[in-house]
Amino acid sequence: MKSKIDIEIIKRVKAKRLEQGDSLRGIARILKTHHSFPQQVEKMDTTCKYSAEQLYYLAQEFNCPISELYPPLDQFEPKG
């Protein structure tokens, strides 16, 4: 299951992807993954998510600070 933070990151990546006109296959090429991987990530009923390394490469592709792909620190309460 994806955490609330995972979901927020995925939403931010998708928004950047659409803003820049990148296809899911284009993202897969950038990440050197199977062409269906980004689609699986964007489906909320799977456990697939981007790794820290993949987010680094996506930030490079989107020409943005990696922090733009993460939610603000105060958006979610810590577990526990």
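In this predicted model, Glu8 touches Pro71, Gln75 and Phe76, leaving out residues up to four places away in sequence. Glu8 itself sits in helix 1. With a relative accessible area of 17%, Glu8 counts as buried, because the cut-off for that label is anything under 20%. Glu8 also has a partner inside its own helix: its side chain meets that of Arg12 in a salt bridge, with 3.0 Å from N to O. The two residues are four places apart in helix 1, which is about one turn of the helix. Arg12 comes out a little differently on accessibility, since its 25% makes it partly exposed.

Helix 1 is worth a look as a whole. It runs over residues 4-20, and its 17 residues should span 24 Å at 1.5 Å a residue. The C-alpha atoms at its two ends are indeed 24 Å apart, so the expected and computed values agree. A quick check by hand works too, as long as the 1.5 Å is multiplied by one less than the number of residues. Just past the end of this helix comes Gly21, which takes a positive phi of about 75°.

Which residues of helix 1 are buried? The list is Asp6, Glu8, Ile9, Ile10, Val13, Lys16 and Arg17. These buried residues pack against helix 2 (24-31), helix 3 (37-42) and helix 4 (52-62). Ala15, by contrast, is a helix 1 residue that is partly exposed, with 43% relative accessible area. From the C-alpha of Ala15 to that of Tyr50 the distance is 15 Å, and the two residues are 35 places apart in sequence.

Salt bridges come next. The count for the model is four, and the Glu8–Arg12 pair described above is one of them. Another joins the side chains of Glu68 and Lys16, at 2.8 Å from N to O. This pair links distant parts of the chain, as Glu68 belongs to the segment after helix 4 and Lys16 to helix 1, 52 residues away. The two partners do not get the same label: Glu68 is partly exposed at 35%, while Lys16 is buried at 15%.

A further salt bridge is formed by Glu42 and Arg17, whose closest N and O atoms are 2.9 Å apart. Glu42 is part of helix 3 and Arg17 is part of helix 1, so this pair ties together parts of the chain that are 25 residues apart in sequence. Are these partners buried or exposed? Glu42 is buried, with a relative accessible area of 15%. Arg17 is buried as well, with a value of 8%.

What about the loop between helix 3 and helix 4? Lys49 is found there, and its relative accessibility of 39% makes it partly exposed. Setting aside neighbours within four places in sequence, Lys49 is in contact with Asp6, Ile10, Phe37, Val41 and Gln54. Two of these names, Asp6 and Ile10, have already come up among the buried residues of helix 1. Pro72 is 23 residues from Lys49 in sequence, and their C-alpha atoms are 19 Å apart.

On the outside of the model, Tyr56, Tyr57, Ile66 and Tyr70 make a nonpolar surface patch of about 360 Å². Tyr70 is a member from the segment after helix 4. Its relative accessibility is 33%, so it counts as partly exposed, and it clears the cut-off for patch members, which is over 30%.

Finally, the cysteines. How many disulfides turn up in a search of the whole structure? The search finds zero. Cys48 is partly exposed, with 25% relative accessibility, whereas Cys64 is buried at 11%.

Methods
Residues are numbered from 1 along each chain as its sequence is written. This is a predicted model: local features need pLDDT of at least 70, side-chain atom pairs count only at pLDDT 80 or more; totals for chains, interfaces and linings use all residues. Side-chain values use heavy atoms; hydrogens and water are left out. Buried means under 20% relative accessible area, exposed over 50%, partly exposed in between (1.4 Å probe, protein chains only). Contact means heavy atoms within 4.5 Å. Patches are made of residues with over 30% relative accessible area and no salt bridge: like charges are joined within 9 Å, nonpolar side chains (Val, Leu, Ile, Met, Phe, Trp, Tyr) within 5 Å. Accessible areas come from the Shrake-Rupley method with a 1.4 Å probe; for residues, only the protein chains shown count as cover. A disulfide is a pair of cysteine sulfur atoms within 2.5 Å.
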